[in-house]
Amino acid sequence: SSIPKIVILGAGYGGIMTAQRLQKELNYNEADVTLVNRHEYHYFTTHLHMPAAGTDAEENAYVPISKLVDEFKIDLVKSNVKQILPQEKKVILEDGTLSYDYLVISLGGEPETFGIPGMMENAMMIRSINSVRKIREHIESQFVAYKTDKKPERLSFVVGGAGFTGIEFVAELADRVAELCRKHGIDRSAVKIYNVEAAPTALPGFDPELVEYAMKVLQNKGVTFKIGVAIKECQPDGVVVGDDLEKIPANTVVWTGGIRGNRVVEEAGFETMRGRVKIDEYLHVPGYEDIFMIGDSALMFNPEGRPYPPTAQISMQQGPVVAQNILAAIRGQQPKKFTFSNKGTVASLGKGEAVGIVGDRKLKGWVAAQLKKVIDIRWLFIIGGVSLALKKGKFL
Ligand code: FAD
Ligand code: NAD
């Protein structure tokens, strides 16, 4: 048929927003839309530090995609994207091929290990429902096994990287460890939790006063920071850190050292920097009027020339603009430029604690923790309305 085909790859923050906006704006028979995702559910990446530690149920971190989009208007395809062929306007899936007239790449990023020996093989990473289930089960199994073999490395936990992901996870881990110690009758002082950060400060680039506050909260929960200390190697039984190659024995290493663009994007032949494509202000891949890219695999610079950090916040703002620009292309109208509107940053520090900056206001403690809940519930409300917000939102 002559109806344009729109294919969206990835149903994360950017992909869901694109699909929902297209569904709302497209006229009958104006275009065919297909949404491809490797799981049949959308997960809230921004929530994953909790089910990873076991402080919240994993069910609260995902929702079936069929609950978010109208399957009469959008074809849902559960599959793995293997390859993008931009010259042929085709996408190769693990079990088929799709052709497109307009392509939206919103596949998210991947963990960056910087080639650190053993990291890929031996560390666990917070990236999907399946990966966080592994982390939670592994943590629990260490406590169980410790009761019989009393090996101290079972109660030694290393979180590699003190960016926002590392800080949010280590806070939940500390809360969870306290719970597991009570449950298994283990003395809390037998447990070691390390957060190792290569940069001269935790949360590099964030407000120093709030960084200090965050570190105090976490130290009070029993976290030991090693700041200005790089992880050099990850082994099955611990990590090697710093210039003096100190070994920290640990049966559990969770790597939160950063993310890079998706391999599929890199392998498509676009020009990339650490797997990311520098997109234009209309969110096109340069040189391709028919390909849009958003989210963690896209690189965009602010007016001062610094890259925007990859966040859910920017992805969910980019989605509707991509939808709008595809509609404009189909309708022969002018595309719209994307401008980022910074709503602030709030990081949770476990139960009842958080830090954040909103506008020029610094927030900490209970107020920041409440705001963090509002932000999470807002996403549920945007994609699934009141019913999803009530079903999956954390109000207490
Ligand atoms: P994603 O949300 O990662 O979605 C990508 C989708 O594509 C996924 O559904 C995935 O399964 C699918 N996919 C990937 N590869 C393939 C393939 N080959 N085939 C088929 N499907 C595929 N950002 C904030 O703004 N605020 C926060 O508070 C915040 N907290 C965070 C907390 C944690 C613990 C983490 C890890 C991140 C946090 N972030 C936060 C960052 C934020 O989660 C990401 O920037 C955001 O998820 C990126 O959205 P995206 O649309 O690019 O991709
Ligand atoms: P990141 O890149 O922001 O942080 C990774 C940290 O690991 C850095 O501080 C880095 O110095 C450190 N590191 C790198 N190599 C190391 C090594 N060898 N040894 C020790 N430390 C090392 O990655 P992230 O924390 O996963 O965040 C990714 C993106 O998601 C960011 O844009 C962040 O803003 C966003 N995010 C936001 C929130 C929030 O707003 N609440 C929460 C999580 C993530």
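Q: Why is helix 5 called largely enclosed by the rest of the structure?
A: The term "buried" applies to a residue with 20 or more other C-beta atoms within 10 Å of its own C-beta atom, "exposed" to one with 12 or fewer, and "partly exposed" to one in between, with C-beta atoms placed from the backbone. In helix 5, 15 of the 21 residues are buried, so the helix is largely enclosed. Helices here are DSSP runs of H or I with at least four residues, strands are runs of E with at least two, and both are numbered from the N terminus.

Q: On what kind of model do these statements rest, and how are its parts numbered?
A: This is a predicted model, in which local features need pLDDT of at least 70 and side-chain atom pairs count only at pLDDT 80 or more, while totals for chains, interfaces and linings use all residues. Residues are numbered from 1 along each chain as its sequence is written, and chains are lettered from A and ligands numbered from 1 in the order in which they are written.

Q: How do you know whether the length of helix 5 agrees or disagrees with the expected span?
A: The expected span of a helix is 1.5 Å times one less than its number of residues. For the 21 residues of helix 5 this gives 30 Å, and the end C-alpha atoms are 30 Å apart, so the two values agree. The helix is followed by Gly185, whose phi is positive, near 65°.

Q: What makes helix 9 fall short of a straight helix?
A: Helix 9 covers residues 366-392, and its 27 residues would reach 39 Å if the helix were straight, but its end C-alpha atoms are only 21 Å apart. A bend of about 135° is found at Gly384. The bend at a residue is the angle between axes fitted to the seven residues ending there and the seven starting there.

Q: Which residues of helix 9 are buried, and what covers them?
A: The buried residues include Trp379, Leu380, Ile383 and Gly384. Among the elements that cover the buried residues are helix 1, strand 4 (62-64) and strand 24 (345-348).

Q: Why is Gly108 called buried?
A: Gly108 has 26 other C-beta atoms within 10 Å, and it therefore counts as buried. Gly108 is placed in the loop between strand 9 (102-105) and strand 10 (109-111). Leaving aside residues up to four places away in sequence, Gly108 touches Gly10, Gly12, Asn262, Gly295, Asp296 and Ser297. Two residues are in contact if their C-beta atoms, placed from the backbone, lie within 7 Å.

Q: What makes Gly108 one of the residues named around ligand 1?
A: A residue is near a molecule if its C-beta atom, placed from the backbone, lies within 6 Å of it. Of the 31 residues that surround ligand 1, the closest are Gly10, Gly12, Gly108, Gly295 and Thr311. Helix 1 (13-25), strand 2 (32-37), helix 5 (164-184) and helix 8 (312-331) each give two or more residues to this shell.

Q: How do the residues around ligand 1 and ligand 2 divide by class?
A: Ala, Val, Leu, Ile, Met, Phe, Trp, Tyr, Cys and Pro count as nonpolar, Asp, Glu, Lys and Arg as charged, and the others, Gly among them, as polar. The shell of ligand 1 holds ten nonpolar, 18 polar and three charged residues. The shell of ligand 2 holds 15 nonpolar, ten polar and two charged residues.

Q: Which element gives the largest share of the shell around ligand 2?
A: That element is helix 5, which gives four residues. The shell has 27 residues, of which Gly161, Gly163, Phe164, Gly258 and Pro309 come nearest.

Q: How do you know which domains give residues to the shell around each ligand?
A: The chain is divided into domain 1 (5-38 + 79-111 + 260-333) and domain 2 (113-257 + 343-396), with bounds from an automatic or database domain assignment. Each domain gives at least three residues to the shell around ligand 1, and each gives at least three to the shell around ligand 2. The C-alpha centres of the domains lie 30 Å apart.

Q: Why is Lys89 called partly exposed, and Leu203 buried?
A: Lys89 has 18 other C-beta atoms within 10 Å, so it is partly exposed. Leu203 has 21 C-beta neighbours inside 10 Å and therefore counts as buried. Neither residue is a glycine, yet phi is positive at about 55° in Lys89 and about 40° in Leu203.
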